[in-house]
Amino acid sequence: MKQPLSPDYDAIVAGSGPGGASVARTLAQRGWRVLILEQGSGAPLKGTLGQMARFGAVPGRSAFVHRDASLLVQGVNVGGSSSLNFATASDPPAAMFAAHGIDLVPEVRTLRAELPIGPLPDHLLGPMASRIMAGARSLGLEWHKLDKMIRPQICRSGCWRCAYGCPFGAKWSARDFVEQACAAGATLLSEATVERALLEDGKAIGVVYRHQGERHSARASTVVLAGGGIGSPRLLHASGLGPRESAFFSDPVVAVMGTVDGLDGGAEVPMAAGMRLDVQGISLADLTLPRPMYQGFTAQVGRLDRLSAHARTLSIMVKIRDDIGGSVGPRWADKTLTPADRNKLDEGVGLARQVLAACGASHVFQSWHFAAHPGGSVRIGAGVDHNLRAAADGLYVCDASVIPQAWGLPPTLTLLALGQRLGTHLADSA
Ligand SMILES: Cc1cc2nc3c(=O)[nH]c(=O)nc-3n(C[C@H](O)[C@H](O)[C@H](O)COP(=O)(O)OP(=O)(O)OC[C@H]3O[C@@H](n4cnc5c(N)ncnc54)[C@H](O)[C@@H]3O)c2cc1C
């Protein structure tokens with residue numbers, strides 16, 4: 001085994017999505033020597049279909065086809081899924097965390113003051129989002145602009161690149177925190193895959209990782225696993241501390257689409273506005289995606305007649321809070337819908353169809369379901385304690401896997417808050 005870049009760090013963070021980037025930044029800014037190991041690429045975001053596919057559509061790595069043929073995707077690159085996400089921000093549900101003695105209000109307050117979080121100004125609300133909002137409001141629905149993690153002064157009206165990874169720096173991503181961590185002295189090693197945590201006498205002492213085809217070790221008395229809802233349960237198992245299979249949630253989504261003659265759109269920020277039925281666990285929002293992604297949806301369900309209607313087709317996202325189930329295993333992630341999940345999706349799709357009808361849409365059809373929020377696989381209160389500590393001293397998990405219950409919300413802001421809270425806890429107790 002080769003020697004690491006540097007033999008000793010105070011903390012090693014495995015994964016650079018929102019959870020990992022946040023804890024790494026906090027620790028580095030508190031003077032800790034931090035090594036961030038990320039299995040994906042750190043190439044600058046280009047906002048192209050090809051790069052998006054390399055980061056988020058590689059079967060078995062970033063895209064998982066379930067037994068029912070539905071798809072689960074995650075971003076594998078510096079920044080994790082946040083590089084490709086739709087930048088919607090939502091506060092953590094206070095009661096869910098209070099049940100575990102966790103109060104994220106101070107962290108969220110700090111993050112909201114620091115980050116570009118807020119509704120888009122009117123000039124950035126695309127024609128499709130506006131049309132859908134008008135249709136929904138005509139039905140009396142409480143459809144409103146959603147908070148976005150976007151810098152409006154940089155964001156360009158008529159641009160469609162968010163979903164491919166904003167190359168202009170308009171969309172916030174965890175890359176921003178990784179950069180700030182490095183500016184504060186952290187070391188980032190991309191294309192470095194952590195294989196397992198190293199443990200000695202019940203304590204974390206470092207990690208084993210692969211980089212450029214060779215195996216290395218790095219040592220630190222604090223190790224934070226932040227590989228995301230799929231990566232972290234795998235790492236815990238590989239370290240001899242977690243089960244081989246872990247149940248999870250994924251917040252499945254269906255896109256419901258319909259054509260409005262005379263409309264000319266298709267290039268705008270997705271999820272600019274929407275509504276949530278909290279009790280039912282159903283969210284709806286506009287979901288205008290770039291043409292190739294739209295065409296993927298149409299082809300998937302055999303609606304070849306709609307292939308060329310992208311600029312005239314409104315698309316509404318229906319997302320549900322699914323039951324925790326299925327399994328993440330060493331080489332798979334598989335989850336099918338329960339009857340309760342199906343009922344929720346049906347209810348949301350029914351509502352989306354009403355909204356599209358109110359918009360004057362015809363040729364309405366829906367995609368197969370897909371998901372992009374794997375989490376809950378190492379839950380607080382089960383896989384980790386309320387300080388995110390796993391079953392070994394010095395070993396922590398900080399990403400969507402620790403979310404304690406079925407979810408159904410945009411997770412990013414919550415994960416940033418959890419990372420900041422963990423970093424502060426570690427630095428204060430050192
Ligand atoms: C298309 C899409 C749209 C989305 N829209 C929104 C939205 O609007 N709002 C919102 O809040 N959320 C959204 N999300 C979800 C959100 O981005 C994720 O929930 C969030 O990024 C999860 O953060 P995380 O810290 O758990 O890890 P991730 O973002 O999953 O990052 C984990 C990182 O760890 C790395 N890793 C894993 N295993 C290892 C290993 N063994 N060694 C080294 N590195 C490893 C991975 O490569 C990855 O980069 C969206 C996601 C997608 C894909």
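## Ligand contacts

A backbone N or O atom of Ala 87 sits 3.2 Å from a ligand oxygen atom. This is a predicted model. Ala 226 also offers a backbone N or O atom to an oxygen atom of the ligand, here at 3.5 Å. Val 194 pairs with a ligand nitrogen atom instead: a polar backbone atom of Val 194 is 2.9 Å away from that nitrogen.

The protein buries 94% of the 1,000 Å² that the ligand exposes when taken alone.

## The shell around the ligand

The ligand has 34 residues around it. Those that come nearest are Glu 38, Ser 81, Thr 88, Ala 400 and Thr 412.

Which elements give two or more residues to this shell? They are helices H1 (18–29), H7 (228–238) and H10, together with strands E2 (34–38) and E9 (192–200). Strand E9 gives the most, with three residues.

## The largest nonpolar core

The largest nonpolar core holds 110 residues. Val 34, Leu 37, Trp 143, Leu 284 and Leu 395 have the most contacts inside this core. Helix H10, residues 412–428, supplies the largest share, eight residues.

Two domains each give at least three residues to this core. Domain 1 is made of segments 8–42, 77–115, 172–245 and 375–429. Domain 2 is made of segments 119–161 and 250–371.

Leu 37 shows what such contacts look like. Leaving out residues up to four places away in sequence, Leu 37 touches Ile 12, Val 13, Ala 14 and Gly 15, as well as Leu 189, Ala 192, Val 194, Val 207 and Tyr 209. One of these partners, Val 194, is also the residue with a polar backbone atom 2.9 Å from a ligand nitrogen atom.

## A separate core

Another core lies apart from the largest one. This separate core has 15 residues, including Ala 255, Met 271, Tyr 294 and Phe 297.

## Ser 90

Ser 90 is placed in the loop between strand E4 (71–73) and helix H3 (94–98). Is Ser 90 buried or exposed? Ser 90 counts as buried because its relative accessibility is 7%, against a cut-off of under 20%.

The side chain of Ser 90 makes a polar contact of 3.0 Å with the side chain of Arg 276. Beyond four places in sequence, Ser 90 touches Arg 276, Leu 409, Pro 410, Leu 413 and Thr 414.

Conventions: Residues are numbered from 1 along each chain as its sequence is written. This is a predicted model: local features need pLDDT of at least 70, side-chain atom pairs count only at pLDDT 80 or more; totals for chains, interfaces and linings use all residues. Side-chain values use heavy atoms; hydrogens and water are left out. A nonpolar core is a set of buried Ala, Val, Leu, Ile, Met, Phe, Trp, Tyr and Cys residues joined through side-chain atoms within 4.5 Å. Buried means under 20% relative accessible area, exposed over 50%, partly exposed in between (1.4 Å probe, protein chains only). Helices (H or I, at least four residues) and strands (E, at least two) are DSSP runs, numbered from the N terminus. Domain bounds come from an automatic or database domain assignment. Contact means heavy atoms within 4.5 Å. A residue is near a molecule or strand if one of its heavy atoms lies within 4 Å of it. A polar contact is a pair of N or O atoms within 3.5 Å; within protein, one must be able to donate a hydrogen and the other to accept it, and residues adjacent in sequence count only if both atoms are side-chain atoms. Accessible areas come from the Shrake-Rupley method with a 1.4 Å probe; for residues, only the protein chains shown count as cover.
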